[in-house]
Amino acid sequence: MSNWFSIEKIDKITYALSEYKHSEIPHSYLLIGNEKALLIDSGLGVSNIREEVEKLTDLEVIVLSTHIHWDHVGGHKLFDKYYVHENEKNWMTEKPFFTLECIKQNLVRGANEFPKDFVLDDYEIFKKEPERILKDEDIIDLGDRKIKVIHTPGHSPGHICLYDIKNKYIFTGDLVYRGTLYAFFPTSNPVDFKNSLEKIKDLDVKRVFPGHNSLDLSPSIIPRAYEAFKDIEEKGMLKHGSGLFDYDEFRILL
Ligand SMILES: [Zn+2]
Ligand SMILES: [Zn+2]
């Protein structure tokens with residue numbers, strides 16, 4: 001299966017690389033400037049995302065993920081360097097974000113088939129020190145295209161959204177998408193999650209690009225997710241163990 005990735009051209013300088021053949025449906029994004037390119041998230045790591053990226057640009061590619069969870073960093077091993085937020089700076093080295101066994105189970109559970117050249121037994125957790133440590137409001141400079149780092153903890157402590165200033169695109173990782181939003185991990189923080197949504201809800205956003213599921217989102221999903229978290233807070237249930245809350249377009253697991 002050579003076409004593991006579905007490539008969608010969002011505009012002349014922006015692509016989504018999606019893994020629809022796995023039930024996680026992760027999306028990675030390639031943003032091209034006039035000097036450098038940026039890969040936001042690198043997918044499951046079962047097919048070579050670097051080859052796909054190199055078909056789309058000759059520029060140097062900066063790699064980062066919205067957070068260090070297995071389904072967003074699988075392709076990091078194919079690149080020499082990556083950036084990470086300071087709160088997760090050791091998650092690719094000392095602090096395992098998921099066990100190898102758990103990742104393998106998740107991979108198998110979500111796929112009917114894998115690419116021919118993928119060998120599950122050879123899958124390893126990639127360990128490497130980051131090249132650059134990011135913090136809130138840092139700018140990633142691609143030349144004529146500046147991408148702002150917005151620290152949005154909650155799903156994980158070093159989660160970031162990326163804001164493409166000129167195009168008014170926001171890449172929201174696992175903070176907002178259509179489906180179940182996860183704030184139940186031991187390293188999740190439901191109150192931070194709400195505060196992060198509040199932080200981005202009034203941004204001037206033309207398009208929202210999520211880490212999973214449907215790419216067809218209205219920017220209003222951000223304030224709606226914020227309102228949902230606020231609703232849970234008003235019920236006194238914005239804490240771990242409160243369970244699953246259903247708001248049609250998304251559900252929230254605490
Ligand atoms: Zn995640
Ligand atoms: Zn994810």
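**Notebook: two zinc ions and one sheet**

I looked up the metals first and found the zinc ion (ligand 2) and the zinc ion (ligand 1) 3.5 Å apart, with Asp174 coordinating both. His72 of this site lies in helix H2 (residues 70-73), while Asp174 lies in the loop between strand E11 (169-173) and strand E12 (179-182), so the pair ties together parts that are 102 residues apart in sequence. I note that the model is a predicted one.

**Entry: zinc ion (ligand 2)**

I listed the donors of the zinc ion (ligand 2): Asp71 (OD), His72 (NE2), Asp174 (OD) and His212 (NE2), at 2.1 to 2.4 Å. Along the sequence I wrote their spacing as D-H-x101-D-x37-H. The angles among the four donor atoms run from 85 to 152°. I call this site irregular because four donors count as tetrahedral only if all angles lie between 85 and 135 degrees, and as square planar only if opposite donors are over 155 degrees apart.

**Entry: zinc ion (ligand 1)**

I then listed the donors of the zinc ion (ligand 1), which are His67 (NE2), His69 (ND1), His155 (NE2) and Asp174 (OD), at 2.1 to 2.3 Å. Their spacing along the chain is H-x1-H-x85-H-x18-D. The angles among these four donor atoms are 89 to 175°, and this site is irregular too. For reference, the ideal angle for four tetrahedral donors is 109.5 degrees.

**Entry: burial of donors**

Are the donors buried or exposed? I checked four residues against the cut-off for buried, under 20% relative accessible area. His67 has 1% relative accessibility, so I count His67 as buried. His69 is buried at 4%. His72 is buried, with a relative accessible area of 1%. Asp174, the residue shared by both ions, is buried at 3%.

**Entry: cysteines**

How many disulfides does the whole structure hold? My search found zero. I also looked up two cysteines. Cys161 is buried, because its relative accessibility is 0%. Cys102 has 24% relative accessibility, so Cys102 counts as partly exposed.

**Entry: a sheet**

I followed an open sheet of five strands in the order E8-E9-E10-E11-E13, with mixed pairing. Which strands stand at the edges? They are strand E8 (139-141) and strand E13 (207-210); each has a single partner strand, so one side of each is left without a neighbour in the sheet. On average, neighbouring strands here are turned by 25° against each other, direction ignored.

Within the sheet I looked at strand E9 (residues 146-151) and strand E10 (residues 160-164), which run antiparallel and are joined by five bridges. Val149 stands opposite Leu162 in E10.

How values were computed
Residues numbered from 1 in each chain as written. Chains lettered and ligands numbered in written order. Predicted model: local features only at pLDDT ≥ 70, side-chain atom pairs only at ≥ 80, totals over all residues. Heavy atoms only, no water. Disulfide = S-S within 2.5 Å. Buried < 20%, exposed > 50% of the residue type's maximum accessible area, 1.4 Å probe, protein only. Pairing = 2+ DSSP bridges. Helix = DSSP H or I, 4+ residues; strand = E, 2+ residues; numbered from the N terminus. Axes fitted to C-alpha atoms, helices over the stretch in contact; angles between N-to-C directions. Donors = N, O, S within 2.8 Å, 3.2 Å for Na, K, Ca; no water. Tetrahedral: all angles 85-135°; square planar, octahedral: opposite > 155°, others 65-115°.
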